[in-house]
Amino acid sequence: AKAAGGNRYELADADSDARVIARHSLTNRLPAALDNGEFFIEYQPLVRLTDGTVRGAEALVRWLHPVHGVLGPDQFIPLAESTGLIVPLGRWVLQEAARQARAWRTDGTCEAPLRVNVNLSPSQLRHPALVADTVAVLDSSGLDPSALCLEVTENALIGADEEELRPLRQLADLGVDIALDDFGTGYSNLSYLRRLPVSTLKLDRSFTRGMQCAPADPVDVKIVEGIVSLAHTLDLSVTVEGVETGTQAEHLRVLGCDTAQGWYYARPGPPERLHTLSLVDAAS
Ligand code: C2E
Ligand code: CA
Ligand code: CA
Ligand code: CA
C-alpha cells in the first residue's frame with residue numbers, strides 16, 4: 001500500500017506488486033492472518049440513481065499485512081480460493097458485514113435502513129454448509145434476510161444445474177437477495193438467466209466506461225439500454241459498477257439503471273463513513 005495523503009491509501013497494484021511479493025509466503029500466512037485478525041472490511045455505498053440516496057453498501061475485504069501493508073482482494077482471494085481458506089474467510093466476512101449492517105439499522109443514525117452486499121466465491125457456493133452458515137449468521141446478528149444481498153459472479157453460475165442452484169434458491173426463498181456480479185463478462189444466455197434465483201444484475205464496469213465523458217459511446221449506450229430493458233422485463237434490478245463521473249451517473253440514470261456504485265459517490269471506506277454519507281444525502 002502506498003500513502004496517498006491524509007489517512008487514505010491506495011491498494012497496491014495487483015500486477016506489479018504481486019510479482020514482488022512471493023505468492024507462497026502470502027499463501028502460507030493466510031490461516032494465521034485470519035486467526036490474528038489481520039483482515040478488515042471496507043464498505044462502498046450503493047446509491048439509488050433516481051434520488052441519490054444511499055441504499056446500502058458492498059463489503060470489500062482487505063488484508064493488513066504486517067510487512068506489506070494493505071493488500072487488496074485481487075492479491076489474496078485467488079490464493080484463499082485455491083487453498084480452501086476462502087470458506088472460513090468468507091464466513092468471517094459475512095459475519096462481520098451482517099453485524100455491521102445490523103448496527104447501521106438499529107443505531108438510529110441512518111435515515112433509510114441500509115442493506116449490505118457480500119461477495120460469495122465459487123467454493124463457498126459449492127460448500128454444503130452455505131445455507132446453514134448463512135442462516136446461523138442471520139440468526140446470531142439479528143439481521144433481516146432482506147437486508148442481505150449475496151453477490152455471485154456470472155462465471156461461478158454458468159453451467160450450474162438445478163441441484164447446484166438449490167442452495168441459492170433456498171436463500172432466495174428465505175428473502176436474501178442474490179445479485180449476479182460482473183454481469184456481461186461471462187457467456188450466460190438469456191434463457192439461462194430466467195432460471196437463476198437472482199434479483200439483481202450487477203453490470204460490469206466495462207460497459208459503462210464509454211459514458212465517463214460526453215458524448216457517450218453510442219454502442220455502449222445501446223448495450224446498456226438493451227440490458228436494462230431485458231432485466232426489467234425479467235423483474236430484475238440493475239446495479240452499475242465503476243461509476244467514476246457525474247456525466248456517467250446521469251447517462252445511467254436516464255438509461256433506467258436502478259442503483260450505482262463507484263468512486264464518483266465514494267471509494268470503499270470504513271463503516272462509520274456510511275452514516276455521514278446517508279445523512280448528507282437524506283438532508284439534500
Ligand atoms: P467486485 O465484486 O467486482 O467489486 C468491485 C471492485 O471495483 C472493488 O475492487 C471496488 O473497490 C472497485 N471499484 C469500485 N468503484 C470503482 C470505480 O469507480 N472505478 C474503478 N476502477 N473501480 C472501482 P476491490 O475492492 O479491489 O475488490 C476486487 C474484487 O475482489 C471484487 O470485485 C470481488 O470479486 C473480490 N472480493 C472483494 N471482497 C471479497 C470477499 O469478501 N469475498 C470474495 N469472495 N471476494 C471478494
Ligand atoms: Ca461484488
Ligand atoms: Ca463486480
Ligand atoms: Ca470485478
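**Exercise 1. Follow the strands around β9 in this predicted model.**

Task: State in which sense strand β8 and β9 pair, and over how many bridges.

Solution. Strand β8 (residues 177-183) pairs with β9 in the parallel sense, and three bridges are found between them. One residue pair to look for is Leu180, whose bridge partner in β9 is Leu201. Between the two strands the chain passes through helix α9 (residues 190-195), and this β-α-β crossover is right-handed.

Next, go on to strand β10 (residues 237-240), which runs parallel to β9 and is joined to it by four bridges. Here Thr200 has Ser237 in β10 as its bridge partner. The chain gets from β9 to β10 through helix α10 (residues 218-233), again in a right-handed β-α-β crossover.

**Exercise 2. Sort the side chains of β9.**

Task: Find which way Thr200, Leu201, Lys202 and Leu203 point from strand β9, and decide whether they are buried or exposed.

Solution. Begin with the general pattern: in a regular strand, side chains alternate between the two faces of the sheet. In β9 (residues 200-203), Thr200 and Lys202 point one way, while Leu201 and Leu203 point the other way. All four are buried.

**Exercise 3. Describe a calcium site.**

Task: Name the residues that coordinate the calcium ion (ligand 2) and locate them in the chain.

Solution. The donors are Glu58 (OE), Asn119 (OD1), Glu151 (OE) and Asp181 (OD), at 2.1 to 2.3 Å. Their spacing in sequence is E-x60-N-x31-E-x29-D. Glu58 belongs to strand β4 (residues 54-65) and Glu151 to strand β7 (residues 148-153), so this pair links distant parts of the chain, 93 residues apart. Both Glu58 and Glu151 are buried. Asp181 also bridges to a second ion: the calcium ion (ligand 2) and the calcium ion (ligand 3) lie 4.1 Å apart.

**Exercise 4. Classify two aromatic pairs.**

Task: The whole structure holds five aromatic pairs. Classify Phe39 with Trp63, then Tyr264 with Tyr265.

Solution. For Phe39 and Trp63, the centres are 5.5 Å apart and the planes make 40 degrees, a tilted pair. Phe39 lies in strand β3 (residues 39-48) and Trp63 in strand β4, so the pair ties together parts 24 residues apart in sequence. Phe39 is buried at 5% relative accessible area, and Trp63 is buried at 0%.

For Tyr264 and Tyr265, the centres are 4.9 Å apart and the planes are at 70 degrees, so the pair is edge-to-face. Tyr264 is partly exposed at 42%, and Tyr265 is partly exposed at 24%.

Technical notes:
Residues are numbered from 1 along each chain as its sequence is written. Chains are lettered from A and ligands numbered from 1 in the order in which they are written. This is a predicted model: local features need pLDDT of at least 70, side-chain atom pairs count only at pLDDT 80 or more; totals for chains, interfaces and linings use all residues. Side-chain values use heavy atoms; hydrogens and water are left out. Donors are N, O and S atoms within 2.8 Å of the metal (3.2 Å for Na, K and Ca); water is not among the atoms, so sites may look incomplete. Buried means under 20% relative accessible area, exposed over 50%, partly exposed in between (1.4 Å probe, protein chains only). Two strands pair if DSSP finds at least two bridges between them. A crossover is right-handed if, with the strands pointing away from the viewer, the path from the first strand over the helix to the second runs clockwise. Rings of Phe, Tyr and Trp (its six-membered ring) pair if their centres lie within 6.5 Å; planes under 30 degrees apart count as stacked, over 60 as edge-to-face and the rest as tilted.
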